[in-house]
Amino acid sequence: VVDAGATWAQAAILHMNALTSSGLVDAAATAMQAKASLARSGSGDFGAALRFEAAKNVVTRMVDASATAERVKTLGKLSRVERRGAMEKCMALLEDMVRAGIEPDGVTLTTVINAGKQQGSPTAVSKAYRVFQLMNATSRTPRMYTAMISALGQGGFPEEALHVLEEAEAGVGGVEMTVETYTAALQALARSDQHRHLVAEVYQRMLDRGIVGTQVTGHILKKSESSRRAPSSSSSSSSSSLSSSLSALLFFA
């Protein structure tokens, strides 16, 4: 579509709209009219005005971000019913958007992360984590952090979940901490025998920020404190699997 504003900004002169035969604004003709008007007025920088003799319409692409987000959300819902392949469909659509020069919005990216969580496989979660890592930190929201931490916990990657929590706590992107984000982190740590001892520490960090716990966070704390199972190597092997998956992932490479 014609971006008349950008064309007028090029000309940097006052204008009256010129229309095409179909009734649309002709930005190039408008710029030429303004140039001629400026010349007749006997004022202004004529040298600058002459630079617009070959004025052309500035064109920009019209994108329906809302419709795009709806498409990705629909694919995300599919993952709850048809887990196999849903994440791949989300990633394919996301890659298409990027190649087309469309910047994914927060809803789109959060949906992709949730699709990885719903599918739950190490590969799906690692892809979601890769998307999260490549995001501009300033575009991350509390909901994104919560979704990513939850996905990593679901996939069996407690160390990465804790790292994402620490990023949020450090104020990366100016995100505001919420009880939902801490709940996701506590759940991720509680699932791992090797990291369950960190639940009490993270819970205290939440309280130190003035965030009031819920019945869910209280239950996770009590359960972790009462558990005395021997550590296993499952969590460390999962983390190694995530590192391998990320190094092999070519998305956005």
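The chain exposes about 13,600 Å² of surface, and carbon and sulfur atoms supply 54% of that. Keep in mind that this is a predicted model. On the inside of the ledger, 41% of the 253 residues count as buried.

As for secondary structure, you'll be looking at helices: the chain has 13 of them and zero strands. Read along the sequence, that gives an unbroken run of α, written α-α-α-α-α-α-α-α-α-α-α-α-α. How much of the contact map comes from residues well apart in sequence? Among contacts with a separation of 6 or more, 61% are between residues 24 or more positions apart.

Now let's zoom in on a pair of helices. H6 covers residues 106–119 and H7 covers residues 122–134, and their axes come within 7 Å, crossing at roughly 160°. Angles over 145 degrees count as roughly antiparallel, so H6 and H7 are roughly antiparallel to each other. Their crossing is left-handed. Who meets whom here? From H6 come Leu-109, Val-112, Ile-113, Gly-116 and Gln-119, and they face Ala-124, Val-125, Ala-128, Val-131 and Phe-132 from H7. Sorted by class, this contact has eight nonpolar and two polar residues, with no charged ones.

Move a little further along and you reach another pair, H8 (residues 142–155) and H9 (residues 158–169). The axes of H8 and H9 come within 8 Å and cross at roughly 165°, which makes H8 roughly antiparallel to H9. The crossing of H8 and H9 is left-handed. On the H8 side, the residues in contact are Tyr-145, Met-148, Ile-149, Leu-152 and Gly-153; on the H9 side, they are Glu-160, Ala-161, Val-164, Leu-165, Glu-167 and Ala-168. What does the class count look like for H8 with H9? Eight residues are nonpolar, one is polar and two are charged.

Last stop: a loop. Between helix H10 (179–190) and helix H11 (199–208) you'll find Ser-192. Is Ser-192 buried or exposed? Its relative accessible area is 2%, and buried means under 20%, so Ser-192 is buried. For a partner elsewhere in the sequence, look at Gly-156: Ser-192 and Gly-156 are 36 residues apart along the chain, yet their C-alpha atoms are separated by 7.5 Å.

Notes. Residues are numbered from 1 along each chain as its sequence is written. This is a predicted model: local features need pLDDT of at least 70, side-chain atom pairs count only at pLDDT 80 or more; totals for chains, interfaces and linings use all residues. Side-chain values use heavy atoms; hydrogens and water are left out. Axes are lines fitted to C-alpha atoms, for helices over the stretch in contact, and angles run from 0 to 180 degrees between N-to-C directions. Helices (H or I, at least four residues) and strands (E, at least two) are DSSP runs, numbered from the N terminus. Angles under 35 degrees count as roughly parallel, over 145 as roughly antiparallel, 65 to 115 as roughly perpendicular and the rest as oblique. A crossing is left-handed if the near helix is turned anticlockwise from the far one by less than a right angle, and right-handed if clockwise. Contact means heavy atoms within 4.5 Å. Ala, Val, Leu, Ile, Met, Phe, Trp, Tyr, Cys and Pro count as nonpolar, Asp, Glu, Lys and Arg as charged, and the others, Gly among them, as polar. Buried means under 20% relative accessible area, exposed over 50%, partly exposed in between (1.4 Å probe, protein chains only). Accessible areas come from the Shrake-Rupley method with a 1.4 Å probe; for residues, only the protein chains shown count as cover.
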